[in-house]
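Hi,

Here is the structure I promised to send over. Have a look at it first, and then read my notes underneath.

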Amino acid sequence: MLLLSGVFAIRRVPNPSLAILGLLLAGSIAGCDREKPGGEQAGQGQANVSAGQAKGVGAFEYIVDRSHKGAAAPAAAFRGPDDAAVTLAAFRGRPLLVNLWATWCAPCVAEMPTLDALAAKSGGKMTVIAVAQDLQGAAVVDRWFLKAGLKALQPYLDPENGLLDAANSALPTSIFYDAEGRELWRVVGAIDWQGKEATTLLAEGGV
């Protein structure tokens with residue numbers, strides 16, 4: 001773990017291009033790392049393209065990454081609210097926003113109410129799912145949902161971190177896919193999903 005410009009930047013086996021981008025934008029975003037079995041964090045890299053900060057939101061800092069535009073959604077399986085296995089292919093047919101988060105990640109938890117509000121008002125225009133990366137799965141995530149009182153989001157689980165591995169990113173990461181399952185952009189870090197910046201991003205996907 002490195003301390004850069006007063007912000008902890010955590011890195012994991014980056015490839016050269018990610019290393020260069022990470023160095024250029026180090027310190028611009030505070031994100032969470034993957035969870036180790038003991039509940040601690042291990043090193044993780046980030047794919048950063050353009051930095052931003054939601055005005056008036058304070059701790060909400062994020063980076064918009066368009067370097068994966070056109071990439072197909074990963075085939076990794078995770079668990080739905082009914083505990084059945086599901087993949088992102090099941091959501092094709094309309095735009096999909098996938099939020100990768102964890103109960104132990106403070107920025108993830110901070111943005112969750114705004115993501116829930118987005119899910120509640122999206123209606124038939126877009127699907128919004130939050131996929132928890134907690135290693136303990138339902139044992140901690142279901143309990144968190146009960147306490148949080150969210151109205152629209154449901155607990156999807158990825159204790160094997162298959163989606164996080166495919167994204168090669170940090171938490172939180174939110175990835176927007178078009179109706180055909182192709183990535184348009186991703187936000188690394190916490191953003192106010194009710195704010196102007198998020199509204200502008202979603203409009204790019206016709207939402």
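Below is what I found, starting with one helix and ending with the salt bridges.

One thing to keep in mind as you read: this is a predicted model.

Let's begin with helix α3, which spans residues 138-148. Which of its residues are buried? They are V140, V141, W144 and F145. These four cover an arc of only 130° around the axis, so they end up on the same side of α3. If you turn to the face pointing away from that buried side, you'll find L146 and K147, both exposed.

And what covers the buried residues of α3? The cover includes three strands, β9 (96-101), β10 (127-132) and β11 (155-157), along with helix α2 (106-122). Just after α3 comes G149, and its phi is positive, near 65°.

Since α2 has come up, have a look at S122, which lies in that helix. S122 has a relative accessibility of 4%, and because buried means under 20%, this serine counts as buried. Its side chain has a partner, too: a polar atom there sits 2.6 Å from the backbone oxygen of L118.

Now the salt bridges. The count comes to three.

- R66 and E204: their side chains meet with an N to O distance of 2.7 Å. This pair links distant parts of the chain, 138 residues apart. R66 is in the loop between β6 (61-65) and β7 (78-79), while E204 belongs to helix α5 (residues 196-204). Both ends fall in the partly exposed class, R66 with a relative accessible area of 37% and E204 at 40%.

- R79 and D83: here the closest N and O atoms are 3.7 Å apart. R79 is partly exposed at 32% relative accessible area, and D83 also counts as partly exposed, at 47%.

- E183 and R186: this salt bridge has an N to O distance of 2.9 Å. Are these two residues buried or exposed? Both are buried.

If you want a place to start in the viewer, I'd bring up α3 with V140, V141, W144 and F145 shown as sticks, then add the elements that cover them, α2 and β10 among them. After that, jump to R66 and E204 to see the salt bridge that links distant parts of the chain.

Cheers

Definitions and conventions:
Residues numbered from 1 in each chain as written. Predicted model: local features only at pLDDT ≥ 70, side-chain atom pairs only at ≥ 80, totals over all residues. Heavy atoms only, no water. Buried < 20%, exposed > 50% of the residue type's maximum accessible area, 1.4 Å probe, protein only. Helix = DSSP H or I, 4+ residues; strand = E, 2+ residues; numbered from the N terminus. Arc of directions from axis to C-beta. Contact = heavy atoms within 4.5 Å. Polar contact = N/O pair within 3.5 Å; in protein donor to acceptor, adjacent residues only side chain to side chain. Salt bridge = Lys/Arg side-chain N within 4 Å of Asp/Glu carboxyl O.
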